[in-house]
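Colleague: Before I rely on any of the labels attached to this model, I would like to hear how each one was reached. Could we go through them one at a time, setting the value against the cut-off?

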Amino acid sequence: MPPPTAPSVVEPSNGSAPRPQEAPDAAAAKPMPLVLVEDSSEYASLVHEMLRDAFGLGFELAHYELVRDAEVDLRETRVDCVLLDLSLPDAEGLEGLRAIRAADADVPIVVLSGFADERVALEALQEGAQDYLVKHHANGHLLGRAVRYAIERKRSERALAHQAMHDALTDLPNRTLFLDRLELALARTERRPASVAVLFLDLDRFKVVNDSLGHGVGDELLRETARRLGDVVRPSDTVARFGGDEFMVLCEDLAVETEAIAIARRIESALAEPFAIDGHEIFVGASIGIAFAREPHEDAKTLIRNADQTMYRAKLHSTGIELFDEEMHTSAVRRLQTENELHRALERDELRLVYQPLIELSTGEIVAVEALLRWQHPEHGLLSPREFVPVAEETGLIVPIGDWVLDQACRQLARWREAIPEARTLIVSVNVSPRQLAQHGFVDTVAATLAATGIEPSRLCLEVTESAVGREAELGAVLDALRELSVALSIDDFGTGYSSLTVLDQYPFDILKIDRSFVHRLAEGAERRAIFAASLGVAEALGLTAVAEGIEDADQLRELRELGCRVGQGYQLARPEPADAVGTLIRRGRVAV
């Protein structure tokens, strides 16, 4: 192999000389470092003269005849622009361009080619060159402009790339860049997976700050949080803003797992100190979840989800820091399996509806039926909603599943009304989630379902839990629109939320379903009876129909009658059954009470 060519500053009078060539005053002005990769010393001299015409003494040119020698320089020193011939002894065509890009992906490149080939020019630009000049057309003006434009274009590209990969408020990496770095880190951990950890942290009282002091203070708090995080992590760690008041830290090359715990504790201590912002002393703190890579080639998104889940446990238990453990791992695996299987449940016709009647307590008359979802799992049998609905909520599958439930329940009511005279006044009740209500076009879906099944809107009741409505205040407009359709609205699990009376006052409900916990505690004495009686009084004062949920024995039924509760639901009255069995009850017209 021939020895590498030494870099030179090309002068037309004496060929080459070591850099820097410029006078002391030019050197003091930090001349622009350029690299020329060209195997013709004659053309190299011409390029130098053209650059002198364009920049005077404001540049410094290193000349290499081989790409491999230029690569060494690019890896070791900063260069403003590379001028590259496409026909070289060790690289032909676009090979040299790819090699330069591999050595320094950020350096601007101007191709100098002996061929006026538009196809090659386009390919060079697609491979990352900023400009393409034909040698025999080039002059000082064109070459100088090409270099300036190449540098500016590359600067703009870097700025756009930075904006795309960084959070605009804190300038931290965003979730896209964080995920990319995490995937690279996991790809390097085949021998020691646990050397990578993800820390997911959420500020504990950020919403209070935003609501009380304004978004300007909230934004500054997020910026200051980002600065504090950068101060306490290791230089090799990646801190990212995941959105809102959520941040993530990627820890690589951990010798032991306790290193990640130590980093989390430093973060916890740093964020426990008060923030002085706009004349306010602000205390927030953070909840932190830690998840370690346990297996080679672990999935990055799963690791993030594990850390997120652990953070919520830390927030729920007010422990500050929690580790993702084996029990949580088992739960997460089971949850992922449930998610995958649930995707196919609709396609495979595995979902079922059962119906539980609502009974007039004084007569035993069936006044309504509630549609309840079940999953006929091919391996685990009939699953109750609590075993899969939370996963459906989290993944968004609750929207198509909810649409299916609404359609099936209305169709079943239509069949009963056609076959059973006693069903003409029956109401079917369907549970809807906040995610369904928030879905664009949900009101139109309800209207279309009613039209397709021929059900009068007043025969359909949509149930939503009190806690969900209290949490999602923006759903009021949707509830109002549903009420305009003349659909009945029911608030479920009343008494379990934090803003019961506020919810009743704000939204257009028709039915109030008192949570089963109140029914079950009636036997505890006069105080519990008084609380239940107060709930009945609230319903009556607001013109709502009160329904007692979860009636499971004769004593509860007797107590409810004595308190004046008109309608109830529970195993003591009628269990959830398939449509055929419930149809038999409807034909009878009433149940024994």
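Modeller: Let us begin with Asp 278, which sits in the loop between strand S13 (275-277) and strand S14 (280-282). Please keep in mind throughout that this is a predicted model.

Colleague: What makes Asp 278 exposed?

Modeller: Its relative accessible area is 62%, and exposed means over 50%, so Asp 278 is called exposed. As for its position in space, the C-alpha atoms of Asp 278 and Leu 361 are separated by 61 Å, the two residues being 83 apart along the chain.

Colleague: How do you know that Cys 410 is in no disulfide?

Modeller: The structure as a whole holds zero disulfides. For Cys 410 the nearest cysteine sulfur is that of Cys 461, and it is 11 Å away, whereas a disulfide requires the two sulfur atoms to be within 2.5 Å. Cys 410 is also buried, because its relative accessible area is 1% and the limit for that label is under 20%. Cys 81 is buried as well, with a value of 0%.

Colleague: Which residues have the most contacts inside the largest nonpolar core?

Modeller: They are Trp 416, Leu 460, Leu 462 and Leu 482, in a core of 74 residues. Helix H14 (residues 398-419) gives the most to this core, with ten residues. Once neighbours within four places in sequence are set aside, the contacts of Trp 416 are Tyr 355, Val 369, Ala 423, Leu 426, Ala 579, Val 582, Gly 583 and Ile 586. There is also a second, separate core of 35 residues, which includes Leu 221, Cys 251, Ala 260 and Phe 275.

Colleague: Why is strand S21 called largely enclosed by the rest of the structure?

Modeller: Five of the six residues of S21 are buried, and the description therefore follows from that count. The same reasoning serves for strand S20 (residues 427-431), where four of the five residues are buried, so S20 too is largely enclosed by the rest of the structure.

Colleague: What makes S20 and S21 a pair of strands?

Modeller: The rule asks for at least two bridges, and four bridges join S20 to S21 (residues 460-465), which run parallel; S20 and S21 therefore count as paired. Within this pairing Val 428 stands opposite Leu 460, and Ser 429 stands opposite Cys 461. S20 is also joined by four bridges to strand S18 (residues 366-377), again in parallel, with Glu 370 opposite Ser 429. S21 in turn pairs in the parallel sense with strand S22 (residues 488-494) over five bridges, and there Leu 462 has Leu 489 as its bridge partner.

Colleague: Why is the contact between Glu 463 and Lys 513 called a salt bridge?

Modeller: In general, side chains of opposite charge can pair when their charged atoms come close. For Glu 463 and Lys 513 the closest N and O atoms are 2.9 Å apart, and the cut-off is within 4 Å, so the pair qualifies. Glu 463 lies in S21 and Lys 513 in strand S23 (residues 511-514), so the pair ties together parts that are 50 residues apart in sequence.

Colleague: Are the two partners buried or exposed?

Modeller: Glu 463 counts as buried at 2% relative accessibility, and Lys 513 counts as buried at 1%, because the label applies under 20%.

Colleague: What makes Arg 155 partly exposed?

Modeller: The relative accessible area of Arg 155 is 43%, which falls between the 20% and 50% limits, so the intermediate label applies. Its salt-bridge partner Glu 152, with closest N and O atoms 2.6 Å apart, is partly exposed at 40%. Both residues lie in helix H6 (residues 140-165), three residues apart, about one turn of the helix.

Colleague: How do you know that Arg 558 and Glu 562 are about one helical turn apart?

Modeller: The conclusion holds because they are four residues apart in helix H22 (residues 554-563). Their side chains meet in a salt bridge at 3.5 Å, N to O, and Arg 558 is partly exposed, with a relative accessible area of 40%. Elsewhere, salt bridges that share partners join Glu 220, Arg 223, Glu 224, Arg 227 and Arg 228 into one network. By this rule the count comes to 36 salt bridges.

Methods: Residues are numbered from 1 along each chain as its sequence is written. This is a predicted model: local features need pLDDT of at least 70, side-chain atom pairs count only at pLDDT 80 or more; totals for chains, interfaces and linings use all residues. Side-chain values use heavy atoms; hydrogens and water are left out. Buried means under 20% relative accessible area, exposed over 50%, partly exposed in between (1.4 Å probe, protein chains only). A nonpolar core is a set of buried Ala, Val, Leu, Ile, Met, Phe, Trp, Tyr and Cys residues joined through side-chain atoms within 4.5 Å. Helices (H or I, at least four residues) and strands (E, at least two) are DSSP runs, numbered from the N terminus. Contact means heavy atoms within 4.5 Å.
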